[in-house]
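This note is addressed to a colleague who has not yet worked with the model shown below. The points are numbered so that each may be checked against the structure in turn.

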Amino acid sequence: MFDKWLRPQDVEQPDGLLEYQLLADGGLIEDDELVERLGHEVIRNYLVPGELANVFDDLGAPEIAGYLRKNKLPADRKIRHGDFGEIITGALYRRVRRWCVPVLKLRYKQTPAQAVQGTDVLAFRFRQDPPAIAVPEVKTRAYRDNRVGSEAYDSLEKVLDRLDESIHFLMARCADRGQVFLARRLGALLREPERRRVERHMLFFPRRGVVERRHRSRPRREGDRAHRADRRQDRRPQGVRRPRLRGSGDGPQHHQQRQGQRNGGGNSVRDDDGTVRRLGEEALATGEASPVLRKQLRSHVLAEQISAEGTAGYTYDPAALRRGLPLARLGQLARTPRERRAEPGPLPDIAQAYADLAARASTPEARIELLAISATMWSLAGYQANATAIARTFQREVGSLFSYGDMPDTNGLTAAAPYRIAEAAGAVLRRDIDTVAQLGATAASEVPRLGRALTAQLAAGNAEQADLAVLAAYGLVGRSARSLATLWRTGDRTAGRAAISDLKQAAAILLQASVVDTWTLVDSLAHVVEDIVATSPWLLLRRASTWSRSWERYLKALIVSDRPLTQVWPSQRTALDAGLLDAQAHNFTVTMPTSAGKTHIAEWAILHALADTGEADDSPLGLILRFLDPPLAVYVVPTRALAAQVERHLAASLELVGLRVSSLFGGAEHVRYENQLLDHTDVLVVTTEKLDLLLRNTPELASRLRLVLVDEGHSIDRSTRGLRLEMVLTRIRRTTPQARIVLLSAVLPNGEDIAR
């Protein structure tokens, strides 16, 4: 569109280094289309995707959205004219001259009335040798004025002195958005200034046409900076200081960007060429987060916890570890979620190092931030117990830091949303379903009220628009919490996807507003929720060939239990991938550590084996088959004490879906009441000796067997009890081929051989 609108006009070139070009309306585009396309450019620069007004509309707070839209564009006509000149210049360089314009700076204005300082637009041609940097100075006037040229020249002189800071700002923004390749190219221009060519461009927007003056391209000479400084020093009044470039290399905004880079990358870490992953591995292997330094930190923390006297001399540097660990974390986040779930790799080591750094942190704010990252890394590594323990500490210290449990008054408005976000994050990390749902509902009611109070504070000049960005993020986190609770309770996969989307949008809003501390928490939480959704039992257990209403009742029953099932653990996923719930049920061995989820695996195997008792209940044929030959699952345990414990656990979950659980153990006699008990049992918990007796005295029992679960499967050995168990299993395999045998053990060395 722009190449049709603005056409070059022939003009006489002046002597010297200046090139002169006149662009005027070529008459090749209709006025209506031109206005529409210019409107799109304005929206592109001001109303970015995910703009707060749209978010508040979506969150049910139209009053706040109206305020933002009303106060989005600058009220001062001069600022509007200047901004419009920058918009046209950016489009001209991108669409007509084909330069690379990495960042539209108008998006980063803190307030609508703020005039963006520093260079108006920075454009690059990286493929030239040497790479070229265009530094345009834009002047917009409704009339021609001879002083405009000298003003533009003076402005360029000031901008060029701080060019490195402007490039640094662009590099930080590109890194924040995950544009690693572009950030690296900008970094190369900073490291090797002698290999870049700087062109000074001056653009004037008079009433009609566009006039451009620029220096002919030439390498920048070493003496240019000193010469310009001397000239300005001569004409600058004494005591007048040059204004700092907002968001430049040493300013607070850029400091936040550097802090954001230290804390980790965005929700989706781009690593097309593997650079981030390689740097993370180097940091863990030989860099600032090497094993030697992490071990020293761990030793120091443990020594302090046990109050050891005369601790050793440690050589690790906590500040260096805080620089190296985020790079290692980024390298792990550059892996796909599926890769991380299949092989955690160094995730547990990184999580422990963050926890140790939190123990050594000097300020509550730093400790809370490190605890949050540690809890999320433990969760991503699959260590849910560790994540829950760290999350409890995190939530306790957040409450102490904010020193209130209820929503604060108007004097604490700026702290309200961050506190609630931290509360929700702690509840999600602890998998506290009721608290997550409650905080989500609280957010829906509080966001409009807090928004009205904050807009009043904004109008009075007592708050910033960044506070509204945090409030919008709070609303999105709250809605994500409600969606996550819905997923946990009902298995609604759409709700799970919505929870991830809301957290990613909240992280993007916080990053846009440079609210780094809260962004770190929300960004980390987004990774955790993405993992929670992908490993939801509603999703993974649905792969069972016997999925039915019995499975749904089972999962809903577990959600309201004392220890709800919200996630399938790594060891359990391994069993599912190996075919635990396949249609062709084969003999199976499960070897996993204690407290790794063997009980749930046993329950899933039972539900899978007895699935006919669920769907067949509604049909007459199913009722007849159940009455004549009801299927039976047997759980074999080595001792009476363990039998009673297993019966309680299985009854608590399986009886809620209609399966009857009983136990028989002890005695060498078979009495009549045992036959009556067997007739009304779906799951029987027995010792090896009792199962042997039942099979001998009740041969018809073998035809009912569908599943034989053997706990402590490693007890198949040369002892008397081990030989008896082996003989019983051999008899079952010979007489009841339809019965599946599953061995559960924590230390079974040759499980695959036994399964065959």
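1. The hairpin. The six residues of a hairpin connect strand E3 to strand E4. The model is a predicted one, and the remarks that follow should be read accordingly. E3 covers residues 123–125, and its pairing with E4 is antiparallel, with three bridges. Within this pairing, Phe124 has Ile133 of E4 as its bridge partner.

2. Strand E4 and its other neighbour. E4 comprises residues 132–140, and eight of its nine residues are buried, so the strand counts as mostly covered. Besides E3, E4 pairs with strand E5 (residues 197–205), here in the parallel sense and over nine bridges. Thr140 is found opposite Phe205 in E5. As a general matter, strands of a sheet pair through backbone hydrogen bonds, in either a parallel or an antiparallel manner.

3. Aromatic pairs. Six aromatic pairs are found when the whole structure is searched. In one of them, the ring centres of Tyr93 and Trp99 are 6.1 Å apart with planes at 70°, and the pair is therefore edge-to-face. Tyr93 has a relative accessibility of 0% and so counts as buried; Trp99, at 5%, counts as buried because the cut-off is under 20%. The rings of Phe124 and Phe126 have centres 5.3 Å apart and planes at 5°, so this pair is stacked. Phe124 and Phe126 are both buried. Elsewhere, Trp547, Trp551 and Tyr554 are linked into a cluster by ring pairs.

4. The nonpolar cores. Which residues have the most contacts inside the largest nonpolar core? They are Phe56, Leu468, Leu471 and Val529, in a core of 98 residues. Helix H20, spanning residues 465–490, provides the largest share of this core, with 15 residues. Leaving aside residues up to four places away in sequence, Phe56 touches Leu468, Leu471 and Ala472, as well as Val447, Ala61, Pro62, Ile64, Ala65 and Leu68. A second core, separate from this one, has 44 residues, among them Ala544, Val590, Ala602 and Ala643. In soluble globular proteins, nonpolar side chains tend to be buried together.

5. The six-stranded sheet. An open sheet with parallel pairing is formed by six strands, ordered E7-E12-E11-E8-E10-E9. Its edges are strand E7 (588–591) and strand E9 (661–664), each of which pairs on one side only. On average, and with direction ignored, neighbouring strands in this sheet are turned by 20° against each other. E7 runs parallel to strand E12 (residues 740–745), and four bridges join the two. In this pairing Thr591 lies opposite Ser745 in E12.

6. A helix on the sheet. Helix H33 (residues 720–735) packs on this sheet, where it touches strand E8 (632–637), strand E11 (705–710) and E12. The direction of H33 makes about 160° with that of E11.

7. The protein as a whole. The protein contains 34 helices and 12 strands. Of its 756 residues, 52% are buried. Among contacts between residues at least 6 apart in sequence, 69% join residues at least 24 apart. The exposed area is about 35900 Å², of which carbon and sulfur atoms supply 50%.

Methods: Residues numbered from 1 in each chain as written. Predicted model: local features only at pLDDT ≥ 70, side-chain atom pairs only at ≥ 80, totals over all residues. Heavy atoms only, no water. Core = buried A, V, L, I, M, F, W, Y, C linked by side-chain atoms within 4.5 Å. Buried < 20%, exposed > 50% of the residue type's maximum accessible area, 1.4 Å probe, protein only. Contact = heavy atoms within 4.5 Å. Pairing = 2+ DSSP bridges. Axes fitted to C-alpha atoms, helices over the stretch in contact; angles between N-to-C directions. Areas by Shrake-Rupley, 256 points an atom, 1.4 Å probe, with all protein chains shown as cover. Phe/Tyr/Trp six-rings, centres within 6.5 Å; stacked < 30°, edge-to-face > 60°.
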